[in-house]
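Here's a quick tour of one small corner of structural biology, written for someone just starting out. Have a look at the sequence and the structure, then read on.

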Amino acid sequence: MCPSYFSDLEGLKEFKYLEPKTAKEACSFLSQYQEKAKVIAGGTKLLPMMKQKEPGLQYLINLRSIPTLNT
């Protein structure tokens, strides 16, 4: 049985989480996965977006790990 604090995660669509280290790598992911990917820069909107089970979403690309974008 899952702990109660994981109850919000039940039934979410499976996805791959990507953390590019450079803007060039992020662009490469976007080019490769196109409409199958969404870009995030944190996670505030992540759970609601995943609960909507957005069609075609298979990859999340988090830009927070790119130092040059954190200015």
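What follows is a short briefing, starting with the whole chain and then moving to its aromatic rings and one loop residue. Keep in mind that this is a predicted model. The protein has 71 residues, and you can find 2 helices and 3 strands in it.

**The big picture**

- Walk along the sequence and you'll meet the pattern β-α-β-α-β.
- Of the 71 residues, 23% count as buried.
- The protein exposes about 5,400 Å², and carbon and sulfur atoms supply 55% of that area.
- Take the contacts between residues at least 6 apart in sequence: 54% of them join residues at least 24 apart.

**The aromatic rings**

- How many aromatic pairs are there? With ring centres within 6.5 Å as the cut-off, the count comes to 2.
- One pair is Phe29 with Tyr33: the ring centres are 6.3 Å apart and the planes sit at 20 degrees, so this pair is stacked. The label follows because planes under 30 degrees apart count as stacked.
- Where do Phe29 and Tyr33 sit relative to each other in helix α1? They're 4 residues apart in that helix, which covers residues 23-33, so about one helical turn separates them.
- Are Phe29 and Tyr33 buried or exposed? Phe29 is buried, with a relative accessible area of 16%, and Tyr33 counts as buried too, at 17% relative accessibility. Both get that label because buried means under 20% relative accessible area.
- Tyr33 also pairs with Tyr59: their ring centres are 3.6 Å apart and their planes are at 15 degrees, so this pair is stacked as well.
- What does the Tyr33 and Tyr59 pair tie together? Tyr33 lies in helix α1 and Tyr59 in strand β3 (residues 59-62), so the pair ties together parts that are 26 residues apart in sequence.
- Tyr59 is buried, just as Tyr33 is.
- Put the ring pairs together and you get a cluster that links Phe29, Tyr33 and Tyr59.

**A loop residue to look at**

- Where is Gln34? Gln34 is in the loop between α1 and β2, a strand that covers residues 37-40.
- Most residues other than glycine have a negative phi.
- Gln34 has a phi near 40 degrees, which is a positive value in a residue other than glycine.

Terms used:
Residues numbered from 1 in each chain as written. Predicted model: local features only at pLDDT ≥ 70, side-chain atom pairs only at ≥ 80, totals over all residues. Heavy atoms only, no water. Phe/Tyr/Trp six-rings, centres within 6.5 Å; stacked < 30°, edge-to-face > 60°. Buried < 20%, exposed > 50% of the residue type's maximum accessible area, 1.4 Å probe, protein only. Contact = heavy atoms within 4.5 Å. Areas by Shrake-Rupley, 256 points an atom, 1.4 Å probe, with all protein chains shown as cover.
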